[in-house]
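Colleague: Please take one part of this structure and go through it closely, residue by residue. I would like the packing of the side chains, with distances and angles where there are any.

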Amino acid sequence: MDASVSAKATANTFEADVREIVTAKYVRTAGANDAVAGVQPRLVVEPGSEQELAKVLRLANAAGLAVIPRGGGTKLEWGNRPPRADVILSTARLYRVIEHAWADLTVSAEAGCTIGKLQETLAKHGQRLALDALWPERATVGGVLSTNDSGALRLRFGSLRDLVIGATLALADGTVASSGGKVVKNVAGYDLPKLATGALGTLGVITRAIFRLHPLPRETRTISCVTGDVREVQRLVVAIQNSKLAHSALQIRCETEMQPRVDVLFEGTEAGLTAQMEHVKSIMGAAMIGEASRDVWNARQEICSAGKGGETEFAVAKFASLPAQIAETIETIARSSAAGLRWKVVAQATGIGWVRLDGGAPTIESALREFRAELERGGGSLVIAHRATGMRALDAWGNAGDALPLMSAVKRQFDPGRTLNPGRFVGGI
């Protein structure tokens, strides 16, 4: 039998079996909007429970089909272009907040629950997940965990690996595995939540997660400071970090033909905020400072939302460097982009930042290669989230270093058939 005919027969059998599990209503032919980085899948399946999702995944694995897990679809283009994408496995129907144990400051939610819905539920008890995810009205619990998406609040509250305390995953063979628990301190068992966080869905499909929570602040204030150059920015950031200020977020914004700015977020009581504001003003000295709106903390989302108006000749990338080297990193961006490119950067005091480059694809690709090489020489990294048209061949992740053999071994252990997001992660995992 011809290979293409055999593959079609296998896919048809899979579709029929899946319809028996989730009913025909929740199985459909994939459309153009379901494409993954330009690769067109065949089916979209929406299981209604954790058990249904695991059964569908087991069937896909047995049939040798490539499965792309999808939540809100906000970061579906992140990672490398998949060599194949047969089935979109959607968590859209797994949207419940399972349990909010407000007295214990924990919450359990299904993977398809949006961050916006989760935060609204928690706010009823004066609590929050201390996470400023991109596009919270659409981004889901499973999606932000899989992409390890966190913003400026990471400085005070830690990353998602610090906030997640339990998770359940459906593995490629249909096994449902859980780790962690409902208490903040939990050391029993294999640390599956941290392993799955940032793995881009290559190890298993997250079906639910448990998080530690924090109280909502009574008041918030933001101070912005305009500086002369990035070296002055670095001095201010270091001074603020070395002070006794209890700031919740600290970021740098700059772009082509715009003076660098430093933003500081304070949360607390009115009296406490007044004292903090006076202290930070004394640190900033004669610099141009003033109160700013909360909107300045949307700078990362504005960069990542680039292209919604139809532009094609731009790229967006996430970079990481040492906090003490932020000024050098921004100077490298400006130097790499000197040949007719426009650039825009937002960087957190943790050393993690985002950059957008606008211009011709060949020039953008050359600038990104130069920027990545400079970062990697200093122990940093550059991950490309959006490519300009014509630069798809540029790897999203860069050099994985000594970690790749171990990561590949973990992938083989969890997903030996390479069913989940094949080729999309570091080193083609």
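Modeller: Helices here are DSSP runs of H or I with at least four residues, numbered from the N terminus. The model is a predicted one. I start from Thr 332, which is found in helix 11, residues 326–336. Thr 332 counts as buried because its relative accessibility is 7%, where the cut-off for buried is under 20%. Its side chain reaches the backbone oxygen of Glu 328 at 2.9 Å. Leaving aside neighbours within four places in sequence, Thr 332 is in contact with Phe 371 and Glu 374.

Phe 371 leads to the aromatic pairs, of which the structure holds three. One of them is formed by Trp 78 and Trp 354, with 5.5 Å centre to centre and 40 degrees between the planes, a tilted arrangement. This pair links distant parts of the chain, 276 residues apart: Trp 78 is in the loop between strand 3 (67–70) and strand 4 (87–90), and Trp 354 is in strand 18 (residues 352–358). Trp 78 counts as buried because its relative accessibility is 13%; Trp 354 is buried as well, with a relative accessible area of 4%.

Phe 371 itself pairs with Phe 319: the ring centres are 5.8 Å apart and the planes stand at 65 degrees, so the pair is edge-to-face, the angle being over 60. Phe 319 lies in strand 16 (residues 314–320) and Phe 371 in helix 12, so the pair ties together parts that are 52 residues apart in sequence. Both Phe 319 and Phe 371 are buried.

Two charged side chains also belong to the aromatic picture. The charged end of Lys 75 sits over the ring of Trp 78, 6.0 Å from its centre. Arg 356 lies over the face of Phe 314, at 4.6 Å from the ring centre.

As for the core, the largest nonpolar one has 44 residues, and Phe 319, Val 345 and Leu 368 touch the most other members. Helix 12 (residues 361–377) gives the most to this core, with six residues. Not counting residues up to four places away in sequence, Val 345 touches Ile 252, Arg 253, Cys 254, Ile 303, Phe 319, Ile 330, Ile 333, Trp 354 and Val 355. Phe 319 and Trp 354, from the aromatic pairs, are thus among the residues that Val 345 touches.

Technical notes: Residues numbered from 1 in each chain as written. Predicted model: local features only at pLDDT ≥ 70, side-chain atom pairs only at ≥ 80, totals over all residues. Heavy atoms only, no water. Core = buried A, V, L, I, M, F, W, Y, C linked by side-chain atoms within 4.5 Å. Buried < 20%, exposed > 50% of the residue type's maximum accessible area, 1.4 Å probe, protein only. Helix = DSSP H or I, 4+ residues; strand = E, 2+ residues; numbered from the N terminus. Contact = heavy atoms within 4.5 Å. Polar contact = N/O pair within 3.5 Å; in protein donor to acceptor, adjacent residues only side chain to side chain. Phe/Tyr/Trp six-rings, centres within 6.5 Å; stacked < 30°, edge-to-face > 60°. Lys NZ or Arg CZ within 6 Å of the ring centre and 35° of its normal.
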